[in-house]
Amino acid sequence: MNNKINISELICTRISHDLIGNIGAFANAVELMDDEDTDFLAEIKNTLKTSSDVLTARLKFFRMAFGLTNANLENIDIVKKATEEYLRTLNFSHPIKADINIINSPFNRAIMLACMCAAEVIIRGGTVKVCSTRQAVIISAISESPLAQAKISDMQAVLEGETPDNISQYAPLYYLNQILKENELKLTINVLNGFSLIIS
């Protein structure tokens, strides 16, 4: 999976998966509006607004996390806001919040990808926390509910060179690992106190 073409395929598959549901909801709502059925007008407007907000937040995040390098990646406030808004779209019933406590970093793209990975293991709401020491940036998944142990095991397997099922789900981790290696940095997973990704 170190082949760039394969990682590109994984990223495309993952992004498509993360957008298609809300695109479908948006299209269905537009179709209902075309039927001019006023009984469900409030519900249709709510669906359009929610889907539009989710798509906007996700596309902004994906463009920064997976796209070409741009000035927004150098602005920690924009990175924080895009990450917070993306995490909010993941589970409205059990929200995932961001707590990003870094002043700035030359690896903001890596931090965004790591936040995406950490959010994957949160099932029933929680927080993705980012903090830094002199030696490392630590991205933790914090929740009062149990974390997704199967996903944690799969992520550990990816870092050990194994290939889990549903591989496109781990596109952010593959890409994160690749860009860190290119910058001579290391990614490790710590499961002693929950789940943390450590960039060092």
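S143 touches I122, G125 and G126, leaving aside residues up to four places away in sequence. This residue sits in the loop between β3 and α5 (149–159). The model is predicted. Its sheet is open and built from five strands, and helices α2, α3 and α4 pack in pairs, with α2 against α4, α3 against α4 and α2 against α3.

**S143 and its loop**

- The C-alpha atoms of S143 and I122 are separated by 6.8 Å. Along the chain, these two residues are 21 residues apart.
- I122 is also one of the residues that S143 touches.
- S143 counts as partly exposed, because its relative accessibility is 24%, between the 20% limit for buried and the 50% limit for exposed.

**The sheet**

- The strand order is β1-β2-β3-β5-β4, and the pairing is mixed.
- β1 (96–101) and β4 (187–190) stand at the edges. Each has a single partner strand, so one side of each is left without a neighbour in the sheet.
- From one strand to the next, the twist averages 15°.
- β2 (residues 126–132) pairs with β3 (residues 137–142) in the antiparallel sense. Six bridges join this pair.
- C131 has I138 in β3 as its bridge partner.
- Helix α3 (residues 76–88) lies across β1 and β2. Its direction is at about 160° to β1.

**Packing of α2 with α4**

- Helix α2 (residues 41–66) packs on helix α4 (residues 108–120) at an angle of about 125°. The axes are 8 Å apart.
- That angle makes α2 oblique to α4, because it falls outside the ranges for roughly parallel, roughly antiparallel and roughly perpendicular.
- The crossing of α2 and α4 is left-handed.
- From α2, the contact involves F61, F62, M64, A65 and F66. From α4, it involves R109, M112, L113 and M116.
- By class, this contact has eight nonpolar residues, no polar residues and one charged residue.

**Packing of α3 with α4**

- α3 and α4 pack at about 20°, with axes 11 Å apart.
- α3 is therefore roughly parallel to α4, a label for angles under 35 degrees.
- Their crossing is right-handed.
- I76, V79, A82, T83, Y86 and L87 are the α3 residues in this contact. They meet N108, M112, C115, M116 and A119 in α4.
- Nine nonpolar and two polar residues make up the contact of α3 with α4, with no charged residues.

**Packing of α2 with α3**

- The axes of α2 and α3 come within 8 Å and cross at roughly 130°.
- α2 is therefore oblique to α3.
- The crossing of α2 and α3 is left-handed.
- On the α2 side, A57, R58, F61, F62 and M64 take part. On the α3 side, I78, V79, A82, T83, E85 and Y86 take part.
- The class count for α2 with α3 is eight nonpolar, one polar and two charged residues.

**Residues with two helix partners**

- F61, F62 and M64 in α2 appear in the contact with α4 and in the contact with α3.
- V79, A82, T83 and Y86 in α3 meet α4 and also meet α2.
- M112 and M116 in α4 appear in the contact with α2 and in the contact with α3.

**N22 in helix α1**

- N22 is found in helix α1 (residues 4–34).
- This residue is buried, because its relative accessible area is 17%, under the 20% limit.
- N22 touches S51, V54, L55 and R58, not counting residues up to four places away in sequence.
- R58 is also among the α2 residues that meet α3.

**Positive phi in loops**

- Most residues other than glycine have a negative phi.
- N166 has a positive phi, near 50°. N166 lies in the loop between α5 and α6 (171–182).
- E184 has a positive phi too, near 55°. E184 lies in the loop between α6 and β4.
- E184 counts as exposed, because its relative accessibility is 76%, over the 50% limit.

Methods. Residues are numbered from 1 along each chain as its sequence is written. This is a predicted model: local features need pLDDT of at least 70, side-chain atom pairs count only at pLDDT 80 or more; totals for chains, interfaces and linings use all residues. Side-chain values use heavy atoms; hydrogens and water are left out. Helices (H or I, at least four residues) and strands (E, at least two) are DSSP runs, numbered from the N terminus. Buried means under 20% relative accessible area, exposed over 50%, partly exposed in between (1.4 Å probe, protein chains only). Contact means heavy atoms within 4.5 Å. Axes are lines fitted to C-alpha atoms, for helices over the stretch in contact, and angles run from 0 to 180 degrees between N-to-C directions. Angles under 35 degrees count as roughly parallel, over 145 as roughly antiparallel, 65 to 115 as roughly perpendicular and the rest as oblique. A crossing is left-handed if the near helix is turned anticlockwise from the far one by less than a right angle, and right-handed if clockwise. Ala, Val, Leu, Ile, Met, Phe, Trp, Tyr, Cys and Pro count as nonpolar, Asp, Glu, Lys and Arg as charged, and the others, Gly among them, as polar. Two strands pair if DSSP finds at least two bridges between them.
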